[in-house]
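Me: I would like to go through this model with you. Could we begin with the overall picture and then turn to the details?

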Amino acid sequence: MNMREKIKAAAARYPDQRSAIMPALLIAQKEHGYLPGPVLEEVADILDVERIWVYELATFYTLFHTEPVGVFHLQLCDNVSCMLRGAEDLLRHLEEVLGITKGGTTPDGLFTLSTVECLGACEMAPVMQLGDDYQGDLDIARIDALLDRLRATAGQATGADLAATVPPGE
Amino acid sequence: MFEPILLRNVDVPDGHLLATYRAGGGYQALAKALDEHTPDEIISLVKESNLRGRGGAGFPTGLKWSFVPKRAGKPKYLCCNADEGEPGTFKDRIIMERDPHQLIEGLAISGYAIGAETAYVYIRGEYTLAIQRLEQAIAEAHAKGYLGTRIRGSDFNFVVHIHCGAGAYICGEETAMLDSLEGKRAQPRLKPPFPAVEGLYASPTVINNVETLACVPHIVLRGAGWFRNIGPDKSPGPKLYCLSGQVRKPGLYELPMGIPLRELVEDSGGGPLPGRKIKAVIPGGVSAPLIPAHGLDVGMDFDSLAAAGSMLGSAGVIVIDDSTCMVKVATRIIEFFHHESCGKCTPCREGLNWVVKVLRRVEAGQGVPGDLEQLEALCKGIFGNTFCALGDGAAIGLRAALTHFEHEFVAHIEEHRCPFH
């Protein structure tokens, strides 16, 4: 299914098209990596809803990104349970080894580093979300191993593959 | 030894599949409900069981269901609050990942009781595995006739849809969740009208938490009396406790309602980390006021914790030890509430902004005399004056930290530094 068909299928679950804006934005973000203005307008057109309704959701909910993010988005939880198990040290380490501060993206477009509120996985604190997966029971050694693995994955991709996955520079 | 009820399938291989669920007696409760009970009888049964909502507020579930008008002239909706966002809470995620059919069976029976033909499960967008497992389970349940039209030969029709949230804690507030489901920014609604009368799409709507719904099949199968005999009579049942923080064995534990907090932390959780002492425990997610170490004999149920000045909330139990600065913990909690304030009402939106500023400066050793009075004045301005419970949760949590650990705040201000650094 293309994006339009996926959005139409999601919209069939609701008696009101406006309810389908959130699922449509999640579908569009999966497709495009982030949600630039033209994509928001396309979503509004597909659902035939007011553009402002789409803009306001895209900017209210934190899972939606209106700016590009790196190929790998490291989302470290630093809420209380993770903080109590050393999340701050992990954040400092990530900032140091990636050479960016939280919220930033590495110049090669590979990594974006963010902190997020509780991910609901406190039994494996400190925890981080990476794509669709949770990485739990983190320590500095595990983070380093993870970064090596991600860099190796990226290294195997061709320049063209990366250009296709890396959103246009910040 | 208490035998797990809600978690009995979570460690079973392939516990998320229909075949496994059925092999353990799954969907017998739905058959029993449809074959032997009228919808009203199910509501009475749940009322008799004294089941109270596991999302945080502890409202009696059967009573909530009974508010739905019998003849509404509109479709009725059942919504499941699976937007588990209270820091320290992860129970619903584990149910949905490892035993999603338990939730689906609970949804179907509850839908039958209130006369709803459509349910929406509002689930955290981050919970990718839970979403995938739940989607798969819904498809399986449809294929085998546990969902769909004329279920098990009855005239009951019921479908379950998943709606993914997108990272707004406020959706835990049920009316904000309804606005979000309607495709709006999540902000709480003025009540009345209550959702039971005018909820989703202005239709009668019941909103229940995942764990609450998961209790329902067991009540139908084993009876209201059985349920009430587990834990305190007014706050009974099996309960999921999420244990995290500075404790040896963090994890999800199922024990009766009302067990002493100390037993949970020391026996199940193995006590504090080596060489440390417990300083305080947050018993019900960060909205629940902390309990200092000397208060750990309190029972983990709605009424006992309320009497002790805290609350069971979502049973997200966070252990804090003596190596940790309480000003830092309080600051981090208020930063969370400030970040998640929906912006609708001024005391929460602006008040928390000021509280964060004052707390950050105290933690950084730049506090000034009068800051603690300022914090109390801000709490007073927020508590009881906000549109929903988010601001209240922030204010009572901060007050508890100020009350029990005033000396740490004072030390920061007097020494111009954090004594823990």
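The exchange below concerns a predicted model and deals with chain B, its contact with chain A, its domains and one pair of helices.

Me: To start, how many helices and strands does chain B have?
Reply: Chain B contains 17 helices and 9 strands.

Me: And how compact is chain B for its length?
Reply: Its radius of gyration is 22 Å, close to the 22 Å given by the globule rule for 421 residues, so chain B is as compact as a globular protein of that length.

Me: What box do its C-alpha atoms fill?
Reply: Along the principal axes, the C-alpha atoms of chain B occupy a box of roughly 75 × 45 × 35 Å.

Me: Now the contact between the chains. How many residues does each chain give?
Reply: Chain B contributes 41 residues and chain A contributes 33 residues.

Me: Which elements of chain B give two or more residues to that side?
Reply: They are the strands β3 (159-164), β5 (238-245), β6 (251-256) and β9 (316-321), together with the helix α13 (326-340), of chain B.

Me: Which of them gives the most?
Reply: That is α13(B), with 6 residues on the side of chain B that touches chain A.

Me: What is the make-up of that side by class?
Reply: The side of chain B that touches chain A has 18 nonpolar, 15 polar and 8 charged residues.

Me: Changing topic: into which domains is chain B divided?
Reply: The assignment gives domain 1 (18-228), domain 2 (238-321) and domain 3 (326-415).

Me: How far apart are domain 1 and domain 3 of chain B, and how many residues are in contact?
Reply: Their C-alpha centres lie 35 Å apart. In the contact, 8 residues of domain 1 of chain B meet 8 residues of domain 3 of chain B. The domain 1 side of this contact comprises 6 nonpolar, 1 polar and 1 charged residues.

Me: Last topic, helices α6 and α7 of chain B. At what angle do they pack?
Reply: Helix α6 (residues 100-114) and helix α7 (residues 128-143) of chain B pack at about 55 degrees, with their axes 9 Å apart.

Me: Why is α6(B) called oblique to α7(B)?
Reply: The angle of about 55 degrees makes α6(B) oblique to α7(B), because it falls outside the roughly parallel range of under 35 degrees and the roughly perpendicular range of 65 to 115. The crossing of the two helices, α6(B) and α7(B), is right-handed.

Me: Which residues make the contact?
Reply: From α6(B) they are Pro100(B), His101(B) and Ile104(B), and from α7(B) they are Arg133(B), Leu134(B), Ala137(B), Ile138(B) and Ala141(B). By class, the contact of α6(B) with α7(B) has 6 nonpolar, 1 polar and 1 charged residues.

Conventions: Residues are numbered from 1 along each chain as its sequence is written. Chains are lettered from A and ligands numbered from 1 in the order in which they are written. This is a predicted model: local features need pLDDT of at least 70, side-chain atom pairs count only at pLDDT 80 or more; totals for chains, interfaces and linings use all residues. Two residues are in contact if their C-beta atoms, placed from the backbone, lie within 7 Å. Helices (H or I, at least four residues) and strands (E, at least two) are DSSP runs, numbered from the N terminus. Ala, Val, Leu, Ile, Met, Phe, Trp, Tyr, Cys and Pro count as nonpolar, Asp, Glu, Lys and Arg as charged, and the others, Gly among them, as polar. Domain bounds come from an automatic or database domain assignment. Axes are lines fitted to C-alpha atoms, for helices over the stretch in contact, and angles run from 0 to 180 degrees between N-to-C directions. Angles under 35 degrees count as roughly parallel, over 145 as roughly antiparallel, 65 to 115 as roughly perpendicular and the rest as oblique. A crossing is left-handed if the near helix is turned anticlockwise from the far one by less than a right angle, and right-handed if clockwise. The radius of gyration is taken over C-alpha atoms; the globule rule is 2.2 Å times the number of residues to the power 0.38.
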